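Here is a short tour for anyone who likes to check contacts and pairings by eye. Please keep the viewer open as you read.

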Amino acid sequence: MEPIRLQTPLNVEDTAKLRAGQTCLINGIIYTARDSAHKRLVQLLEKGEELPFDPRGQLIYYVGPCPAPPGKVIGSAGPTTSVRMDVYTPALLEVGVRGVIGKGDRSQQVVQALMDNKAVYFAAIGGAGALIAKSVIQAEVIAFPDLGPEAVHRLEVKDMPAVVVIDSLGQNFYNLGRKEYSKR
Amino acid sequence: MRIKAEQISAAVAQLCIVANRELPEDVCVALKKAAEKEESPVGRQMLESLIENARIAKTEQMPICQDTGMAVVYVDLGQELRVEGDLYEAINAGVAKGYKEGYLRKSVVRHPIDRVNTGDNTPAVVHLRLVPGDKMMITVAPKGFGSENMGGIAMLKPAQGRQGVVDFVTSVVEAAGANPCPPTIVGVGLGGTMEYATFLAKKALLREVGAPAANPLDRELEQEIEQEINKLGIGPQGFGGRVTSFAVHIESYPTHIAGLPVAVNLNCHAARHKEIVLEGEEE
């Protein structure tokens with residue numbers, strides 16, 4: 001099946017029609033955040049303050065990239081395990097984040113928040129950091145530089161591969177795939 | 001015979017860089033074999049991407065994975081070799097140099113609660129063993145925490161026996177799902193004490209992928225557990241498939257009459273490690 005090309009920012013119609021198991025190529029601006037950055041982003045929301053970027057229609061990528069070697073825009077940049085962000089994700093989806101990219105399964109609360117907000121959870125290829133870095137054409141730290149690799153980066157990506165794992169209906173590709181191949 | 005601390009630092013720095021950029025040949029072979037065996041089309045596609053990723057990392061001198069790990073360093077020190085200077089400081093200086101000069105990610109925080117990044121990926125975790133001879137073998141195994149977080153330990157009752165071990169190891173892999181970046185290598189430490197079982201589980205990951213254990217009891221267990229794991233259907237990246245783990249490696253040790261410790265340490269498909277043997281000079 002041909003991959004689906006997505007261009008950020010995404011509207012509700014874009015994500016509502018995606019289905020678990022579909023392969024996508026992501027294009028445009030995405031924002032990085034992992035454990036410490038999520039904690040700070042949600043603290044800002046709790047205080048009623050603005051986020052360092054407009055979250056509406058955006059994708060957040062769970063990654064802490066390697067430093068860029070000379071001549072490259074970024075170092076290796078594959079996804080980190082998403083479950084650690086579970087406690088923070090619903091709040092970010094509530095303010096308009098349209099999807100998140102990581103790896104590994106999510107909590108029921110996150111699945112519900114994805115359904116409530118017609119958002120999508122994508123998996124990038126875990127451990128393919130060098131390959132994924134080739135999809136990044138621009139990178140810039142826009143918040144929390146003191147966090148080092150955990151700072152929020154604004155990335156411009158071209159045809160970054162990702163798989164829809166949990167769609168806006170709550171269907172989960174990990175469960176579907178495992179069921180199909182389980183011999184127990 | 002003697003060896004200078006600076007020589008150790010330089011070797012460790014180089015090992016950190018190479019281990020993070022060049023996937024060992026046996027792991028490349030395991031990926032290719034898995035791609036031939038995998039029935040799931042998405043699974044095959046993922047394995048092809050990982051093979052391509054390893055190629056890019058090597059040719060473009062990029063880290064295989066952005067999680068360049070906490071550096072686990074094994075030192076087999078010949079008892080007739082004298083280290084001039086502080087061995088642990090020398091290792092950490094090498095780690096700091098390697099992670100800086102190799103553009104590797106600094107992923108270590110100074111305390112698990114306040115979580116301030118140390119900025120140079122130190123300290124390493126060092127496992128020192130004295131061995132006969134006058135040489136020094138250093139192995140650097142950068143360990144990412146996507147897989148490290150998914151390990152487990154159980155102090156089983158002797159009555160649970162062999163089946164208890166099979167069930168526990170399989171349950172750890174099942175619960176880990178997609179998180180540790182399958183296909184994984186499953187390191188199992190069997191016996192000893194609680195902390196020694198976990199040490200053995202990690203050490204088992206250094207073995208050539210799929211090379212069987214020396215002890216026939218361990219060998220049979222490895223095969224049985226591997227079969228059980230690959231029935232789970234988790235598959236490459238957890239998207240469903242036949243190849244959930246490349247191999248199960250068991251390291252065992254005598255234990256107490258009252259105990260059956262079993263530890264599981266998972267390694268992602270990027271099973272990185274690099275070794276060197278250093279020779280000293282005459283005093």
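Strands, labelled E, are DSSP runs of at least two residues, numbered from the N terminus. By that rule, B:Ile153 belongs to strand E6 of chain B, residues 152-156. Please bear in mind that the model is predicted.

**A nonpolar patch on chain B**

How exposed is B:Ile153? Its relative accessible area is 32%, and since partly exposed covers values between 20% and 50%, B:Ile153 counts as partly exposed. Together with B:Met155 and B:Met194, B:Ile153 makes a nonpolar surface patch of about 280 Å².

**Strand pairing in chain A**

Now to strand E7 of chain A, which spans residues 152-166. The table lists pairings of E7(A), with a bridge partner for each.

| Strand of chain A | Sense | Bridges to E7(A) | Residue and its partner in E7(A) |
|---|---|---|---|
| E2 (residues 23-32) | antiparallel | eight | A:Ile30 and A:Leu155 |
| E5 (residues 120-123) | antiparallel | three | A:Phe122 and A:Val164 |
| E6 (residues 136-143) | antiparallel | six | A:Ala139 and A:Leu155 |

A:Leu155 is worth a click: A:Ile30 stands opposite A:Leu155, and A:Ala139 stands opposite A:Leu155 too. When you look along the strands, remember that in a regular strand the side chains alternate between the two faces of the sheet.

**A helix of chain B that meets chain A**

Helix H3 of chain B runs over residues 41-60 and has 20 residues. From first C-alpha to last, H3(B) reaches 28 Å, close to the 28 Å expected at 1.5 Å a residue. Which residues of H3(B) are buried? They are B:Gly43, B:Met46, B:Leu47, B:Ser49, B:Leu50, B:Asn53, B:Ala54, B:Ile56 and B:Ala57. An α-helix has 3.6 residues a turn, so residues three or four places apart point the same way.

What do the buried residues of H3(B) pack against? Within chain B they pack against helix H1 (5-21) and helix H2 (25-37). On the chain A side, they pack against helix H5 (129-133) and E7, the strand featured in the table above.

**A buried valine in chain A**

Finally, have a look at A:Val111, in helix H4 of chain A, residues 108-116. Is A:Val111 buried or exposed? Its relative accessibility is 8%, and because buried means under 20%, A:Val111 counts as buried. Beyond its neighbours within four places in sequence, A:Val111 is in contact with A:Ile166 and A:Gly170. A:Asp167 is 56 residues from A:Val111 in sequence, yet their C-alpha atoms are 8.5 Å apart in space.

Definitions and conventions. Residues are numbered from 1 along each chain as its sequence is written. Chains are lettered from A and ligands numbered from 1 in the order in which they are written. This is a predicted model: local features need pLDDT of at least 70, side-chain atom pairs count only at pLDDT 80 or more; totals for chains, interfaces and linings use all residues. Side-chain values use heavy atoms; hydrogens and water are left out. Helices (H or I, at least four residues) and strands (E, at least two) are DSSP runs, numbered from the N terminus. Buried means under 20% relative accessible area, exposed over 50%, partly exposed in between (1.4 Å probe, protein chains only). Contact means heavy atoms within 4.5 Å. Patches are made of residues with over 30% relative accessible area and no salt bridge: like charges are joined within 9 Å, nonpolar side chains (Val, Leu, Ile, Met, Phe, Trp, Tyr) within 5 Å. Accessible areas come from the Shrake-Rupley method with a 1.4 Å probe; for residues, only the protein chains shown count as cover. A salt bridge is a side-chain nitrogen of Lys or Arg within 4 Å of a carboxyl oxygen of Asp or Glu. Two strands pair if DSSP finds at least two bridges between them. The expected span of a helix is 1.5 Å times one less than its number of residues.
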